[in-house]
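Please look over the structure below. A short report on its sheet, its rings and its charged pairs follows.

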Amino acid sequence: GALATLFGFYAAARVGILPLPVTVVSVASPKLGNIEFARMFAEMESQGKIRHLRIANHRDPVTLAPSVSSKKVLAVTAFAFSPLGYLALKASGNAGDERHVFYHTGIKMKLRKEVPEGGKLCEISYSGASMISGSTPVALEKDDQELIKENIENMKKMMKSSTNDVPMVQYHFGSAYTERIALVENELKEQKLNDLYLEKAAGGN
């Protein structure tokens, strides 16, 4: 998914390589760019050069990462265990900043296994809405933050119990995606990607 998104971005940026808009459909993709990349991607979307449909299973851990770069992870770890070490990193310019925080792009189609209370099996949102409106983008939604915490706790329990079960990774498997897409196939048949862009970009979500 990440490579498909990058290829689509570079193909759309190079006029004459492919007819525009370049359409990318990615499945189970991790985050792959910082704020500058996300803004450029949203700008190209607004110009009609690229369309990106990003399909993500609810609770798929791969789609939640990476939140930040390795430089930012090092800085956060240093701050937690060695404030002096953190100050040294910051003084040397190696503590990371907003350029080291990663974001998703495109129209997000979140697929659930069961209908949540007051929700739907398929939730559609637009990652670039905040970029276009000029508001501060959200790198990690509150729902996703809770899932990451849950996954960390499950990993700790797994390490203590020496079990071979890998929590949440099952939601990244191809079979899990096939199952959930089948549940909403009829609902999505009449949907057009360009229409979703018009609706979500105008609605700001």
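This report moves from the sheet to the rings and then to the charged side chains.

**The sheet and its helices**

The model is predicted. Four strands form an open sheet, ordered β1-β2-β3-β4. Their pairing is mixed. The edges are taken by β1 (22–27) and β4 (122–126). Each has a single partner strand, so one side of each lacks a neighbour in the sheet. On average, neighbouring strands are turned by 15° against each other, direction ignored.

Strands of a sheet pair through backbone hydrogen bonds, either parallel or antiparallel. Here β1 and β2 (residues 50–57) pair in the parallel sense, over six bridges. Within this pairing, Ser26 stands opposite Arg54 in β2.

Two helices lie across strands of the sheet. Helix α1 lies across β1 and β2 and runs at about 170° to β1. Helix α2 lies across β2 and β4, running at about 120° to β2.

**Ile50 in strand β2**

Ile50 is placed in strand β2. Is Ile50 buried or exposed? Its relative accessibility is 0%, so Ile50 counts as buried. Leaving aside neighbours within four places in sequence, Ile50 is in contact with residues including Phe9, Val24, Phe41, Met44 and Tyr197. Thr5 is 45 residues from Ile50 in sequence, and their C-alpha atoms are 10.0 Å apart in space.

**Aromatic pairs**

How many aromatic pairs does the count give? It comes to five. One of them joins Phe9 and Tyr10: the ring centres are 5.4 Å apart and the planes stand at 75°. Planes over 60 degrees apart count as edge-to-face, so this pair is edge-to-face. The burial of the two partners can be set side by side. Phe9 has 7% relative accessibility and counts as buried. Tyr10, at 52%, counts as exposed.

Phe9 also pairs with Phe41. Their ring centres are 5.9 Å apart and their planes lie at 10°, so the pair is stacked. This pair links distant parts of the chain, with Phe9 in helix α1 (residues 2–13) and Phe41 in helix α2 (residues 35–46). The two residues are 32 residues apart. Phe41 is buried, at a relative accessible area of 0%. Ring pairs link Phe9, Tyr10, Phe37 and Phe41 into a cluster.

**Charged side chains**

Arg51 lies over the face of Tyr197, 4.4 Å from the ring centre. Side chains of opposite charge can pair when their charged atoms come close. A search of the whole structure finds two salt bridges. Both are set out here.

| Salt bridge | N to O distance |
|---|---|
| Arg112 and Glu123 | 2.9 Å |
| Glu199 and Lys200 | 3.7 Å |

Which parts does the Arg112 and Glu123 pair tie together? Arg112 lies in the loop between β3 (107–111) and β4, and Glu123 lies in strand β4. The salt bridge therefore ties together parts that are 11 residues apart in sequence. Arg112 is buried, with a relative accessible area of 13%. Glu123 is partly exposed, at 27%.

In the other salt bridge, Glu199 has 48% relative accessibility and counts as partly exposed. Its partner Lys200 has 12% and counts as buried.

Methods. Residues numbered from 1 in each chain as written. Predicted model: local features only at pLDDT ≥ 70, side-chain atom pairs only at ≥ 80, totals over all residues. Heavy atoms only, no water. Phe/Tyr/Trp six-rings, centres within 6.5 Å; stacked < 30°, edge-to-face > 60°. Buried < 20%, exposed > 50% of the residue type's maximum accessible area, 1.4 Å probe, protein only. Lys NZ or Arg CZ within 6 Å of the ring centre and 35° of its normal. Pairing = 2+ DSSP bridges. Axes fitted to C-alpha atoms, helices over the stretch in contact; angles between N-to-C directions. Contact = heavy atoms within 4.5 Å. Salt bridge = Lys/Arg side-chain N within 4 Å of Asp/Glu carboxyl O.
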